[in-house]
Amino acid sequence: MNRYRMHINGESVEAQGGAWFPVYDPSTEEIIAEVPDADEHDVNRAVQAARAAFDSGPWPQTTAQERGRILLRLAERIRKELAALAELESRNSGKPIVEAEYDMADVATCFEYYGGLATKVMGHVNPVPDNALSLSLREPVGVAGQIIPWNYPLLMAAWKLAPAVAAGCTCVLKPAEQTPLTALEMARWLADMGLPPGVVNIITGFGETAGAPLVRHPEVNKIAFTGSAAVGKLILKSAAESIKRVTLELGGKSPNIFFADADFEAAIDGALFGVFINQGEVCSAGSRILVERSIYSHFVEAMTEKAKRIKLGTPLQRETKMGPLVSKEQYERVRSYQELGKQEARLVAGGGRPAGMDKGYYVEPTIFCDVDNSARIAQEEIFGPVAAVIPFQNEAEAIRIANDTPYGLAAAVWSRDIFKAFRVVKALRAGIVWVNHMQPTYVEAPWGGYKQSGFGRELGPWGIEEYLETKQVHINLNEQPIGWY
Ligand code: NDP
């Protein structure tokens, strides 16, 4: 059995209690590795290491240039190991290998971006009215606890680690229990990249036994969380005890809106890509497809026809466009929504397990049409390849339906009329809005949600801001006493 160890204080370690848990290949349902089952003792160990590295040792003296170079070296190493990393990610998460390769390239790009940004963090001179020099200094927030989900395992780790290291923080990262392998693989190279022990610690374990103690820990200054809204709420409550800084990247139920004047072929492709990429296990999935009435029937027909041809298969085959879901639990969850949808709307594609694929957590790309926006399949995040198609009459109705959800992560608008498209962009309550596309994500642009999709922004300069404090410094330039008393 392939055993991966955690990374604490620069060392490869087992859990103090000696327990391990299995990691699966979701396409075969077989165990491919074991990882340590960390508990509160291990969390304490990792936080102590991060705390010590932040407070003393070489890290606080490391220059921004040097932090940047570490990240650039890491990016280079990731590009060198891209094929092997992508294969490991694909086996562990079930995502098609071609998508995993894109993800690994994005991981490297993310480290490169923050490697460059490390030296661009600027302070400020404040124009105060007295004879004084008033400065705003930017300083690292301290020890960051980072908790991530399973849908883009190493990419989510990079989105958290890269800005934190660039800012000068130290980190304790907990990957999702289902997909810890690529982060642990990367941890093996950290010392070679020049990262001092304790700056990046990676612990493996379950949400309640490893994630929750990390959030509670009084020595952790900030929690960066990506995951479900339900867990996000728990984290916010727990972090309130010690007034931690918190950023939350939560779920969504994003509308993908198609007006009749959109390019029809591009629209059909965009609707499918928006909801079925990465098996629909995407926080910004365009899972509510809003279509103008005048093209509705034709649209549903064309979309259904194309969806039926999506190639399901084993993740490592290059022609595979959809792999298995990540776990048995997720498979059962998505299957239950497929059944619920049959009671709430009209099924036009998929709706079950693909015929002839008896092993692995596969589900068919599924489309329900004539969905009412109040239906559970239109309101609840399914996080699988299940689309709800909803007709609308006019622009005002499209906007009303699009915004009628507790979430506000992303949205897309398809139209050749730039004036109409931009009116809709402005009316949408979402943190990310695409026009005539859905899903492209760039490290240079901000990522995060409105409403119950969370708060705080990752990526771009916004991402590093979340790991910085602002210190006001006042330097008196009067040589005389104040003269008050
Ligand atoms: P979960 O919220 O269940 O888990 C996310 C992480 O939180 C996991 O590492 C999990 O641990 C951990 N966790 C669970 N319970 C606790 C707890 N009580 N305290 C601390 N940590 C805990 O989400 P999923 O992993 O199921 O991921 C899917 C969700 O993530 C979707 O809702 C999706 O929308 C959202 N997401 C949002 C993104 C965004 O950018 N906005 C991007 C990607 C996903 P473990 O799993 O190991 O038990």
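**Figure 1. Surroundings of the ligand in the predicted model.** The ligand is surrounded by 30 residues, and the closest are Lys174, Glu177, Ser228, Leu250 and Glu381. Lys174 places a polar side-chain atom 2.7 Å from an oxygen atom of the ligand.

**Figure 2. Backbone contacts of Glu249 and Leu250 with the ligand.** A polar backbone atom of Leu250 is 2.6 Å from a nitrogen atom of the ligand. For Glu249, a backbone N or O atom lies 3.5 Å from a nitrogen atom of the ligand.

**Figure 3. An open sheet of three strands.** The strand order is 5-6-22, and the pairing is antiparallel. Strand 5 (124-126) and strand 22 (468-476) stand at the edges with a single partner strand each, so one side of each lacks a neighbour in the sheet. From one strand to the next, the twist averages 30°.

**Figure 4. Pairing of strand 6 with strand 22.** Strand 6 (residues 132-140) runs antiparallel to strand 22 and is joined to it by nine bridges. Within this pairing, Leu133 stands opposite Ile475 of strand 22.

**Figure 5. Helix 3 and its packing partners.** Helix 3 (residues 82-93) comprises twelve residues and spans 16 Å from its first C-alpha to its last, close to the 16 Å expected at 1.5 Å a residue. Its buried residues are Leu82, Leu85, Ala86, Leu88, Glu89, Ser90, Asn92 and Ser93. These buried residues pack against strand 3 (20-25), strand 4 (30-36), helix 2 (64-80), helix 4 (97-117), helix 5 (153-167) and helix 6 (181-187). Gly94, with a positive phi near 90°, follows helix 3.

How values were computed:
Residues are numbered from 1 along each chain as its sequence is written. This is a predicted model: local features need pLDDT of at least 70, side-chain atom pairs count only at pLDDT 80 or more; totals for chains, interfaces and linings use all residues. Side-chain values use heavy atoms; hydrogens and water are left out. Two strands pair if DSSP finds at least two bridges between them. Helices (H or I, at least four residues) and strands (E, at least two) are DSSP runs, numbered from the N terminus. Axes are lines fitted to C-alpha atoms, for helices over the stretch in contact, and angles run from 0 to 180 degrees between N-to-C directions. The expected span of a helix is 1.5 Å times one less than its number of residues. Buried means under 20% relative accessible area, exposed over 50%, partly exposed in between (1.4 Å probe, protein chains only). Contact means heavy atoms within 4.5 Å. A residue is near a molecule or strand if one of its heavy atoms lies within 4 Å of it. A polar contact is a pair of N or O atoms within 3.5 Å; within protein, one must be able to donate a hydrogen and the other to accept it, and residues adjacent in sequence count only if both atoms are side-chain atoms.
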